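Here's a quick walk through this one, with the chain laid out below. Have a look at it first, then we'll go through it piece by piece.

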Amino acid sequence: MTDPARERLTVFDAGGAPTGVAERGEVYARSLWHATTAVLLRSADGTRVYVHRRTDTKLVMAGMWDCLAGGVLDEGETPDACAARELGEELGVTGVPLEKLAVVAFDAAALGVDTGPGTGPDGLRAHVHVYRAFSDGPVTHQPSEVAEGGWWTLDELAARIGAPDRAWVPDGLYVTRLLLADLVR
């Protein structure tokens, strides 16, 4: 198996222009701007959202909760391809249309957010390509990525997101709050 810290990622500037390539471990350790995707999986009728907890073995933000399937763009990968790949890898959902909603700049230092162990002095910096998909599944977790998960209503998500009894992925929390506030369409 390939060491995730050695995977090569495209590096960007704060404005979103590509500037080069670096290994994932270096990107995290030096707080370099990179690109990610985040896919909100909703039930076919739109009333529920799939929420999951990351495994305790993830390189960063291990064991945290999220309602966005996603990950980093590999070197040369497009956001659309990455979004489809990550939804398939993490939740086993494939062949569904993806609707791109926005690109959100997430700069942990600027937002005063701690992204925890494994990230550099300025935390995570990513251009998050936000998508949504509608499907009732089936949902099949990739054991190395997702520890557990389930469907929540939108009201349950709004009430539970960011609650102190569950640690949430910081960039996912930020993007989800924008989605719930209807700021990202």
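## Leucine 124 and its surroundings

Let's start in a loop: leucine 124 sits in the one between α3 (108-111) and β8. Bear in mind that this is a predicted model. Is leucine 124 buried or exposed? With a relative accessible area of 5%, leucine 124 is buried, because anything under 20% counts as such.

As for neighbours, leaving out residues up to four places away in sequence, leucine 124 touches Tyr28, His34, Met61, Phe106, Asp107, Ala108, Thr115, Thr119 and Asp171. Proline 97, on the other hand, is 27 residues from leucine 124 in sequence, and the two C-alpha atoms are 29 Å apart in space.

## Salt bridges

The count of salt bridges comes to 15. One of them pairs aspartate 107 with arginine 125, at 3.2 Å from N to O. Aspartate 107 belongs to strand β7 (residues 99-107) and arginine 125 to strand β8 (residues 125-134), so this pair ties together parts 18 residues apart in sequence. Both aspartate 107 and arginine 125 are buried. Elsewhere, salt bridges with shared partners join Asp74, Glu77, Arg85, Glu86 and Glu89 into one network.

Inside that network, glutamate 86 bridges to arginine 85, and their closest N and O atoms are 3.0 Å apart. These two partners fall into separate exposure classes: glutamate 86 has 5% relative accessibility and counts as buried, while arginine 85, at 23%, counts as partly exposed. The cut-off for buried is under 20%, which is why arginine 85 at 23% misses it.

Then there's the bridge between the side chains of glutamate 23 and arginine 6, at 3.1 Å from N to O. Here the pair links distant parts of the chain, 17 residues apart: glutamate 23 is in strand β2 (residues 18-23) and arginine 6 is in the segment before β1 (8-12). Glutamate 23 has a relative accessible area of 26%, so it counts as partly exposed.

## Threonine 37 in β3

Which strand holds threonine 37? That would be β3, which covers residues 33-42. Threonine 37 has a relative accessibility of 4%, so it counts as buried.

Its contacts, again skipping residues up to four places away in sequence, are Ala69, Gly70, Gly71, Leu73, Pro79, Cys82, Ala83, Glu86, His129 and Tyr131. Glu86 in that list is the buried glutamate that bridges to arginine 85.

## The largest pocket

The largest pocket has a volume of about 840 Å³. Its lining is made up of 37 residues, and those nearest the centre are Arg24, Arg54, Lys58, Glu90 and Glu145. Which elements give two or more residues to this lining? They are α1 (24-29), β3, β4 (48-54), β6 (68-72), α2 (79-91) and α5 (170-180).

The largest share of the lining, five residues, comes from β6. By residue type, the lining splits into 14 nonpolar, eleven polar and twelve charged.

## The annotated domain

UniProt, in an unreviewed entry, lists residues 32-174 as "domain: Nudix hydrolase". Across that stretch the chain is 20% helix and 36% strand. The C-alpha atoms at the two ends of residues 32-174 lie 19 Å apart.

Definitions and conventions: Residues numbered from 1 in each chain as written. Predicted model: local features only at pLDDT ≥ 70, side-chain atom pairs only at ≥ 80, totals over all residues. Heavy atoms only, no water. Salt bridge = Lys/Arg side-chain N within 4 Å of Asp/Glu carboxyl O. Helix = DSSP H or I, 4+ residues; strand = E, 2+ residues; numbered from the N terminus. Buried < 20%, exposed > 50% of the residue type's maximum accessible area, 1.4 Å probe, protein only. Contact = heavy atoms within 4.5 Å. UniProt positions renumbered as here; feature names shortened; annotations may be inferred. 1 Å grid on protein atoms, 1.4 Å probe; cavity = no way out; pocket = protein on both sides within 12 Å on 5 of 7 lines; lining within 4 Å. Points joined across faces, edges and corners; volume = space filled by probe spheres on them. Nonpolar A, V, L, I, M, F, W, Y, C, P; charged D, E, K, R; others polar.
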